[in-house]
Amino acid sequence: MTAGGPTVESGVPGKTLVRPQCGCKIRFLLGLSDVERRAPDPSPRWLCCRAQVRGFRRSTVLSYRPPAGAAHFQPVLPTMHRTAAPRAQGQSLSRMGTLSKPRVILLTYTLTALEFTSLFMQFSILPYLSRRLGLDSIMFGYLQTTFGVLQLLGGPVFGRFADQRGARAAFSLSFLSAAALYLLLAAACIPSLPGVVLLFASRLPSVLMHTLPAAQMVITDLSAPEDRSAALGRLGLCFGVGIILGSLLGGTLSTNYGIHCPAIIALVANLLGAVLSFAYIPVSTKMASIHAQDAHPGTSKASVFDLKAITRLLLLPGVLPVFLIKVASGFPSGLFMIMFSIISMDFFQLEAAQAGYLMSFLGILQMVTQGLVLGWLSRHFSEEALLRASVLVFVIVGLPMALMTSVLHFCLLMPGLVFSLCTLNVVTDSMLTKSVSATDTGTMLGLCASVQPLTRTLGPTLGGLLYGRFGVPIFGYVQLAINLFIFLVLWRKTMPQKRDKAG
């Protein structure tokens with residue numbers, strides 16, 4: 001072998017031991033297809049050695065140690081070539097782009113905040129635009145349901161697309177889809193155009209608007225398993241920034257410059273997001289899975305629309321129980337938040353400005369909880385303990401929510417409600433991504449992202465029925481009953497959790 005490269009030795013017929021000069025020990029067995037890496041030295045030099053060893057085609061990494069005292073010799077391996085090593089190493093580096101890992105993570109947070117700001121700018125003008133176009137409450141409900149159904153259907157498919165095409169393609173597709181939505185929304189504001197048709201048509205690109213799952217995938221791939229909950233929790237800061245800035249900018253711009261102005265600003269912002277994504281987001285953040293795929297160039301990828309490949313993730317050990325808890329535990333509070341605009345007017349007797357202040361308070365609480373509190377808790381408690389704590393707080397908040405009579409009571413309950421919602425979402429996302437392989441984290445996060453659209457789809461009808469027949473207390477009682485049952489199940493059964501397979 002050449003100087004600086006690995007040397008090849010053998011102790012058992014048919015088995016070879018590759019020993020790079022940097023000290024890393026990588027063991028090979030010829031002719032197999034299963035891959036298992038052992039990296040005693042996780043330094044950057046190990047990545048270099050791995051790239052060099054990948055140049056030995058037809059070799060597969062195994063956990064094999066030759067018996068003590070075995071004779072070593074230099075075998076003749078005419079079918080192995082090192083010529084592919086520099087090219088493989090160059091591809092590995094090019095996939096990570098020009099930015100370092102911390103800067104990629106910072107850019108991911110920035111793009112997420114940009115997307116949420118644009119989204120809440122749209123939410124702030126949508127009711128007024130619908131009223132100006134002559135839509136009644138039923139048609140507005142259909143508009144919201146269309147948005148929820150499309151996001152529900154697109155979430156898992158988009159996650160699989162992100163797994164197969166990489167982070168850069170996922171971010172770029174999401175921002176371009178959002179730009180198309182805001183372009184149609186701005187066109188709907190023009191009186192000479194068919195506004196109602198354009199308004200409903202603007203919901204169609206939302207099937208591919210999934211910046212949050214793409215950001216969660218990048219954070220998951222680039223963060224250590226023990227730091228994953230805290231890293232995912234910081235995305236809550238982006239959500240809080242989006243609520244505050246988006247609501248403020250949407251109301252201010254529409255009042256001073258017209259209802260079309262927020263849509264145009266959001267269009268420009270998302271085009272900028274697409275440019276930044278294409279220029280600086282890495283092609284792929286799944287370095288481990290890339291090497292595994294390169295080891296088997298003949299392996300074919302399943303289709304992005306392969307529903308069996310998507311649903312099989314739910315059948316993996318430990319996945320389905322956590323996913324069902326994620327859906328069921330947060331569903332009652334999700335119904336309440338969907339009906340909150342009506343509850344704030346009818347039950348709390350709030351004006352529009354007062355309701356906006358209350359939503360800003362909610363955004364600040366979420367920023368503090370996900371950005372600061374969850375990071376500290378994740379360093380001191382296990383994810384299973386935090387999951388039980390979130391369900392327990394749901395139970396504790398449920399009864400007072402059923403008995404509250406004023407907005408002051410609700411303000412006192414909001415910290416507990418926000419803590420449970422944030423902790424439930426972050427911890428379950430972290431647990432579920434650790435239960436699947438690194439090549440499936442995007443698909444799993446797409447499934448997780450479909451939970452909220454499911455609530456938005458069923459919420460208006462079911463929430464309106466419950467509120468009209470039983471009033472506000474029903475939401476507290478349902479939350480108490482469902483989460484008490486879940487807490488008793490968790491108390492008796494240990495939640496299974498696998499470590500990140502990419503490590």
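**Note on the predicted structure**

1. At a relative accessibility of 0%, G398 counts as buried, since the cut-off for that class is under 20%. The model in which this value was computed is a predicted one. G398 is placed in helix α16, which covers residues 383-403. Neighbours within four places in sequence aside, the contacts of G398 are G476, Y477, Q479 and L480. A further residue to inspect beside G398 is L484: 86 residues separate the two in sequence, while their C-alpha atoms are 9.6 Å apart in space.

2. The overall composition may be set out next. The protein chain has 20 helices and 4 strands. Of its 503 residues, 50% are buried. Among contacts in the protein chain with a separation of 6 or more, 82% join residues 24 or more positions apart. The accessible surface of the protein chain is about 23,300 Å², and carbon and sulfur atoms account for 67% of that surface.

3. Which residues of the largest nonpolar core touch the most other members? They are Y182, F336 and F410, in a core of 104 residues. F336 deserves separate attention here. With a relative accessibility of 0%, F336 counts as buried. Residues up to four places away in sequence not counted, F336 touches I343, M401, M404, F410, V472 and F475.

4. The aromatic rings form 13 pairs in total. One of them is the stacked pair of F171 and F175, with 6.4 Å from centre to centre and 20 degrees between the planes. Helix α5, residues 167-188, holds both F171 and F175, which are 4 residues apart, or about one turn of the helix. In an α-helix there are 3.6 residues a turn, so residues three or four places apart point the same way. Both F171 and F175 are buried.

5. A second aromatic pair, F336 with F475, is edge-to-face: the centres are 5.9 Å apart and the planes meet at 75 degrees. This pair links distant parts of the chain, since F336 belongs to helix α13 (residues 319-338) and F475 to helix α20 (residues 473-492), 139 residues apart. F475 counts as buried because its relative accessibility is 2%. Ring pairs also join F336 and F475 into a cluster with F340, F347, F348 and F410.

6. A charged side chain also meets an aromatic ring in this model. The charged end of R168 sits over the ring of F278, at 5.9 Å from the ring centre.

7. Is helix α7 enclosed by the rest of the structure or exposed? Helix α7 is largely enclosed, because 11 of its 12 residues are buried. The buried residues of α7 are T211, P213, A214, A215, Q216, M217, V218, I219, T220, D221 and L222. Helix α7 runs over residues 211-222 and reaches 17 Å from its first C-alpha to its last, close to the expected 16 Å.

8. The last residue to consider is S130, in helix α3 (residues 101-132). S130 has a relative accessible area of 2% and is therefore buried. Leaving out residues up to four places away in sequence, S130 touches L135, F140, L143 and L199.

How values were computed: Residues are numbered from 1 along each chain as its sequence is written. This is a predicted model: local features need pLDDT of at least 70, side-chain atom pairs count only at pLDDT 80 or more; totals for chains, interfaces and linings use all residues. Side-chain values use heavy atoms; hydrogens and water are left out. Helices (H or I, at least four residues) and strands (E, at least two) are DSSP runs, numbered from the N terminus. The expected span of a helix is 1.5 Å times one less than its number of residues. Buried means under 20% relative accessible area, exposed over 50%, partly exposed in between (1.4 Å probe, protein chains only). Contact means heavy atoms within 4.5 Å. Accessible areas come from the Shrake-Rupley method with a 1.4 Å probe; for residues, only the protein chains shown count as cover. A nonpolar core is a set of buried Ala, Val, Leu, Ile, Met, Phe, Trp, Tyr and Cys residues joined through side-chain atoms within 4.5 Å. Rings of Phe, Tyr and Trp (its six-membered ring) pair if their centres lie within 6.5 Å; planes under 30 degrees apart count as stacked, over 60 as edge-to-face and the rest as tilted. A charge sits over a ring if NZ of Lys or CZ of Arg is within 6 Å of the ring centre and within 35 degrees of the ring normal.
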